[in-house]
Amino acid sequence: MKHLLGLALTIVALSAAAQPHPDAQRLLDLWLGAQQRSQQLPALSVAVQLGDGPAWSRGYGFIDRAQQVPARGDTLYGICSISKVFTALAVMRQVEQGRYRLDDDMALLLPDAGLPAASSAHGAVTVRSLLTHAGGLAREAPFPYWEPPAFRFPTRAELLARAPEALHAPRQHLHYSNHGMALLGELVARQGGAPFGDWVSEQLLQPLALHDTRPQVPA
């Protein structure tokens, strides 16, 4: 937390002036290089923006150490769970378009996904409850996502073929669920009539001119 606070204060110092102050640039450069080495981060890229354009950027470490390919200020990285922001935006866009409602039953919207039926005591697993990680589902589908050496993620067909594990009744507990968010992505694809990545690219990324934000990291 102290490190993050220090970075935030340094960036404020950089961005408070009309142009980045040379001393602030040097301080930030030295501090980030030291952090990358001391925390043994493979690579780190940083950019500071003033007004409508970039004022300073730099990369630290290597994105391919064997080939000695250095990180740059414009190196692309996988954003991992930050992609959930785009899934949530896609869902809300479709809600605004009237395709479904936040409190609709996901078991009815995705009848082949194995979601539990609504109960008289706690109701249904809804779009809203999955968006807020309150659907009661387990964190992951039952696949070896994070097990070496393969770290193999399930295909779309495999994900839909395995019923989600329900740990709690809906809306009783907060429990982070990648599985629940993946099912929302499937909902977006079906309602949009296109693969999830294509729909998000056309409906969100292109209108926002996010040209370097993509469904897959380019080779």
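# A walk through the predicted model, from helix H3 outward

Just after helix H3, Gly98 adopts a positive phi of about 80°. The model described here is a predicted one, and the helix that precedes this glycine is a convenient place to begin. Helix H3 covers residues 83-96, and its 14 residues span 20 Å from the first C-alpha to the last, which is close to the 20 Å expected at 1.5 Å a residue. Its buried residues are Lys84, Phe86, Thr87, Ala90, Val91 and Gln94, and because these fall within an arc of 160° when seen down the axis of H3, they line one face of the helix. An α-helix has 3.6 residues a turn, so residues three or four places apart point the same way. The partners of the buried residues of H3 are H5, helix H7 (178-192) and helix H8 (196-205), against which they pack.

Salt bridges offer the next route through the fold, and a search of the whole structure finds 11 of them. In one of these, the side chains of Arg128 and Asp103 meet at 2.8 Å, N to O. Since Arg128 lies in helix H5 and Asp103 in the loop between H3 and helix H4 (106-109), the pair ties together parts that are 25 residues apart in sequence. Arg128 is partly exposed, at 39% relative accessibility, and Asp103 also counts as partly exposed, at 49%.

A further salt bridge joins the side chains of Arg156 and Glu186, at 2.7 Å from N to O. This pair links distant parts of the chain, with Arg156 in helix H6 and Glu186 in helix H7, 30 residues apart. The two partners differ in their surroundings: Arg156 counts as exposed, because its relative accessibility of 55% is over the 50% cut-off, whereas Glu186 counts as buried, because its 7% is under the 20% cut-off. Glu186 also forms a salt bridge with Arg190, in which the closest N and O atoms are 2.6 Å apart. Here the partners are 4 residues apart in helix H7, and so are separated by about one helical turn; Arg190 itself is partly exposed, with a relative accessible area of 32%. Together with Asp112, the residues Arg156, Glu186 and Arg190 are linked in a network of salt bridges.

The loop between helix H5 (127-131) and helix H6 (156-161) contains Pro149, which is joined to Pro148 by a cis peptide bond with omega about 5°. His133 is found in the loop between H5 and H6, and its phi is near 55°, a positive value in a residue other than glycine. Phe151 lies in the loop between H5 and H6 as well, and it too has a positive phi although it is not a glycine, with a value near 50°. As for accessibility, His133 counts as buried at 16%, while Phe151 counts as partly exposed at 43%.

The last stop is strand S2 (residues 53-64), where Trp56 is found. Trp56 is buried, with a relative accessible area of 6%. Leaving aside neighbours within four places in sequence, Trp56 is in contact with Gln25, Leu28, Asp29, Leu32, Val46, Ala47 and Val48. With Gln25 there is also a polar contact from side chain to side chain, at 3.3 Å. Trp56 and Gly73, which are 17 residues apart in sequence, have their C-alpha atoms 8.4 Å apart in space.

Technical notes. Residues are numbered from 1 along each chain as its sequence is written. This is a predicted model: local features need pLDDT of at least 70, side-chain atom pairs count only at pLDDT 80 or more; totals for chains, interfaces and linings use all residues. Side-chain values use heavy atoms; hydrogens and water are left out. Helices (H or I, at least four residues) and strands (E, at least two) are DSSP runs, numbered from the N terminus. Buried means under 20% relative accessible area, exposed over 50%, partly exposed in between (1.4 Å probe, protein chains only). Contact means heavy atoms within 4.5 Å. A polar contact is a pair of N or O atoms within 3.5 Å; within protein, one must be able to donate a hydrogen and the other to accept it, and residues adjacent in sequence count only if both atoms are side-chain atoms. The expected span of a helix is 1.5 Å times one less than its number of residues. The arc is that of the directions from the helix axis to the C-beta atoms. A salt bridge is a side-chain nitrogen of Lys or Arg within 4 Å of a carboxyl oxygen of Asp or Glu.
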